[in-house]
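Please open the model in the viewer and keep the sequence panel visible. The tour proceeds by selection, with a short account of what is found at each stop.

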Amino acid sequence: MRFQRKHILGLGELSAEEIKLILDTAESMKEVSERDVKKVPALKGVTVVNLFFEPSTRTRSSFEIAEKRLSADVLNFTPAQSSVVKGETLLDTARNLEAMGASVIVIRHSMSGAPWLLARELSASIINAGDGSHEHPSQALLDLFTVREIKKEIRGLKVLIVGDIAHSRVARSNIWGFVKLGAEVRLVGPPTMIPRDIEKLDVSVFYNLEEAIRDVDVVMMLRIQKERQESGLFPSLREYSKFYGLTRDKLKLAKDDVIVMHPGPINRGIELSSEVADDVHSVILDQVANGIAVRMAMLYLVASAGGTE
Ligand code: CP
């Protein structure tokens, strides 16, 4: 199968076959990352712009390393030091960067749908690095890659996602990805943080963590966004942590070989105790390491696809 897409915007619009192709390509890219000389000429002469309107440690650094391993010319655009502060629009900013030769734009923006806007208006390939509370495809792809690498097969696994599902782009992209690849997906969190009608995505909903975690293969913890406390979605961090924080005792209810995931940054002692974050079940740093190979695959596939979608 050949990858036909010019953009990677979300897992909602990728087929299971396209997702598997990205994961298979990432396996080859991981082999490059394990060589002494971690560089291939695949994107030589291609200019990639990282256009991050929100803070990032993992995604931005990982895309930059991936781009450099593919020999691309890389520009890290910093909105706070640009004419964005003078009121230049997103579209004008992106069009100007494209006029300077950018043919791939990696964008993170607080506005859901921003990557789709650029994909519609520009000629460059667009990769979504997180848009509002909508999608975070590179995170979900690296999560799928990590689970497949450890468990060998995603179909049939029981995957539990814990926390603020309603505001999480990581949760949304992972739900699409794991369901499309045949996993059984469970969600658990306070009722105020579970979107109405989410069962339509073929997931099951729980409100009690001890019940939801029984016999699962994968536990994916979400970062609690502390600003949600002010909007009244949960009464206190201490109470949230008591009911939905993952501890060793709760983890014992899952399968013996359960893996614990978290997209980062972790609020230690709130959604995840430090003993769980750092113990043998945790694959959090494997996720981060795999992010480079997965992003190399995404960049390579969109830059060489020549498609129009
Ligand atoms: N997982 C993730 O998106 O982390 P950053 O916000 O640090 O990029």
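**The ligand site**

Begin by selecting the ligand, which is surrounded by Ser-56, Thr-57, Arg-58, Thr-59, Arg-108, His-136, Gln-139, Pro-263 and Gly-264; a residue is included here if one of its heavy atoms lies within 4 Å of the ligand. The model is predicted, so local features need pLDDT of at least 70 and side-chain atom pairs count only at pLDDT 80 or more, whereas totals for chains, interfaces and linings use all residues. Residues are numbered from 1 along each chain as its sequence is written, and side-chain values use heavy atoms, with hydrogens and water left out.

Next, display the polar contacts of the ligand, each a pair of N or O atoms within 3.5 Å. An N or O atom in the side chain of Ser-56 is 2.6 Å from an oxygen atom of the ligand. A polar side-chain atom of Arg-108 lies 2.9 Å from a ligand oxygen atom. For Gln-139, the partner of the side-chain N or O atom is a nitrogen atom of the ligand, at 3.0 Å.

**Helix 5 and its partners**

Gln-139 leads to helix 5 (residues 137–151). Helices (H or I, at least four residues) and strands (E, at least two) are DSSP runs, numbered from the N terminus. Select helix 5 together with helix 6 (residues 169–180): their axes come within 8 Å and cross at roughly 50 degrees. Axes are lines fitted to C-alpha atoms, for helices over the stretch in contact, and angles run from 0 to 180 degrees between N-to-C directions. The two helices are therefore oblique to each other; angles under 35 degrees count as roughly parallel, over 145 as roughly antiparallel, 65 to 115 as roughly perpendicular and the rest as oblique. In contact (heavy atoms within 4.5 Å) are Pro-137, Gln-139, Ala-140, Asp-143, Leu-144 and Val-147 of helix 5 with Val-170, Ser-173, Asn-174, Gly-177 and Phe-178 of helix 6.

Now replace helix 6 with helix 12: the axes of helix 5 and helix 12 come within 8 Å and cross at roughly 115 degrees. Among the residues making this contact are Gln-139 and Asp-143 of helix 5 and Gly-291 and Arg-295 of helix 12.

**Helix 2 against helix 12**

Keep helix 12 (residues 284–305) and add helix 2 (residues 58–69); their axes come within 8 Å and cross at roughly 55 degrees. That crossing angle makes helix 2 oblique to helix 12. The contact includes Arg-58 and Thr-59 of helix 2, and Gly-291 and Arg-295 of helix 12.

**Two backbone stops**

Which residue has a positive phi although it is not a glycine? Select Ser-71, whose phi is about 70 degrees, in the loop between helix 2 and strand 2 (73–77). Finally, centre on Pro-265, in the loop between strand 9 (259–261) and helix 11 (274–277). The peptide bond from Gly-264 to Pro-265 is cis, with omega near -5 degrees. Most residues other than glycine have a negative phi, and most peptide bonds are trans.

How values were computed. Polar contact = N/O pair within 3.5 Å; in protein donor to acceptor, adjacent residues only side chain to side chain.
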